[in-house]
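Colleague: I've got this one open and want to go through it with you. Can we begin with the pockets?

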Amino acid sequence: MQVYGHGALEMLRREGAEAIEIWCVSSGSRCSNRVTVPIGSAIERWGPGMPLVLIARRARCRSCGGRGAHVQLAAPPAGSSPRYEWDQRRILWLRSELARLEQDIG
């Protein structure tokens, strides 16, 4: 699964993800504002091929006006949902991808 490459939003939609979270991480800001964006709205705004890393780079905080963000999957809904097939391997893989991406950008 390539969540940070081309087609990430469409792939997340197909996998059953319902939303992404975008966190403000602009340099020098202690804002930490967070917004949850439904996958459908994200695809309408940025298109199905938009990589999450480009959303993060282009994001501008509505609270402090700073640029830069951390983008991640919103947590799956509580309880069992047939649309989510989260297992420990997938969660660990996502965390390792986030760490790799942060090293590449940083």
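Modeller: Fine. This is a predicted model, and its largest pocket has a volume of about 410 Å³.

Colleague: Which residues are closest to the centre of that pocket?

Modeller: Ile22, Val35, Arg45, Arg60 and Arg62, out of 19 residues that line the largest pocket.

Colleague: And which elements give two or more residues to the lining?

Modeller: Two strands and two helices: β1 (19-24), β2 (34-38), α2 (39-46) and α3 (52-58).

Colleague: How does the lining split by class?

Modeller: The lining of the largest pocket has 10 nonpolar residues, five charged and four polar.

Colleague: OK, step back to the fold. What is the order of the elements?

Modeller: From the N terminus on, they run α-β-β-α-α-β-α. That is four helices and three strands.

Colleague: What share of the chain is buried?

Modeller: Buried residues make up 40% of the 106 residues.

Colleague: Now the confidence. What does the chain average?

Modeller: The mean pLDDT is 79, and 78% of the residues score at least 70. By element, α2 has the highest mean, 92, and α4 the lowest, 78.

Colleague: Any general caution on that score?

Modeller: Where pLDDT is low, the coordinates should not be read in detail.

Colleague: Switching to charges. How many salt bridges are there?

Modeller: Three. Side chains of opposite charge can pair when their charged atoms come close.

Colleague: Start with Glu10. What is its partner?

Modeller: Arg13, with the closest N and O atoms 2.2 Å apart. Both residues lie in helix α1 (residues 8-14), three residues apart, which is about one turn of the helix. Arg13 counts as partly exposed because its relative accessibility is 40%, between the limits of 20% and 50%.

Colleague: Next, the one with Arg34. What does that side chain meet?

Modeller: Glu21, in a salt bridge at 3.6 Å, N to O. The pair links distant parts of the chain, with Arg34 in strand β2 and Glu21 in strand β1, 13 residues apart.

Colleague: Is Glu21 buried or exposed?

Modeller: Buried, because its relative accessible area is 11% and the cut-off is under 20%. Arg34 has 45%, so Arg34 is partly exposed.

Colleague: That leaves Arg100 and Glu97. What is the distance in their salt bridge?

Modeller: The side chains of Arg100 and Glu97 meet at 2.9 Å, N to O. They are separated by about one helical turn because they are three residues apart in helix α4 (residues 88-105). α4 is also the element with the lowest mean pLDDT.

Colleague: Why does Glu97 count as buried?

Modeller: Because its relative accessibility is 11%. Arg100 is at 36%, so Arg100 counts as partly exposed.

Colleague: Last topic, cysteines. How many disulfides does the structure hold?

Modeller: Zero. Cys64 is in no disulfide, and the nearest cysteine sulfur, that of Cys24, is 3.7 Å away.

Colleague: Why isn't 3.7 Å enough for Cys64?

Modeller: Because a disulfide needs the two sulfur atoms within 2.5 Å, and the sulfur of Cys24 is 3.7 Å from that of Cys64.

Colleague: What about accessibility for Cys64?

Modeller: Cys64 is at 37% relative accessibility, so Cys64 counts as partly exposed. Cys61 is at 11%, so Cys61 counts as buried.

Notes
Residues numbered from 1 in each chain as written. Predicted model: local features only at pLDDT ≥ 70, side-chain atom pairs only at ≥ 80, totals over all residues. Heavy atoms only, no water. 1 Å grid on protein atoms, 1.4 Å probe; cavity = no way out; pocket = protein on both sides within 12 Å on 5 of 7 lines; lining within 4 Å. Points joined across faces, edges and corners; volume = space filled by probe spheres on them. Nonpolar A, V, L, I, M, F, W, Y, C, P; charged D, E, K, R; others polar. Buried < 20%, exposed > 50% of the residue type's maximum accessible area, 1.4 Å probe, protein only. Salt bridge = Lys/Arg side-chain N within 4 Å of Asp/Glu carboxyl O. pLDDT = per-residue confidence, 0-100.
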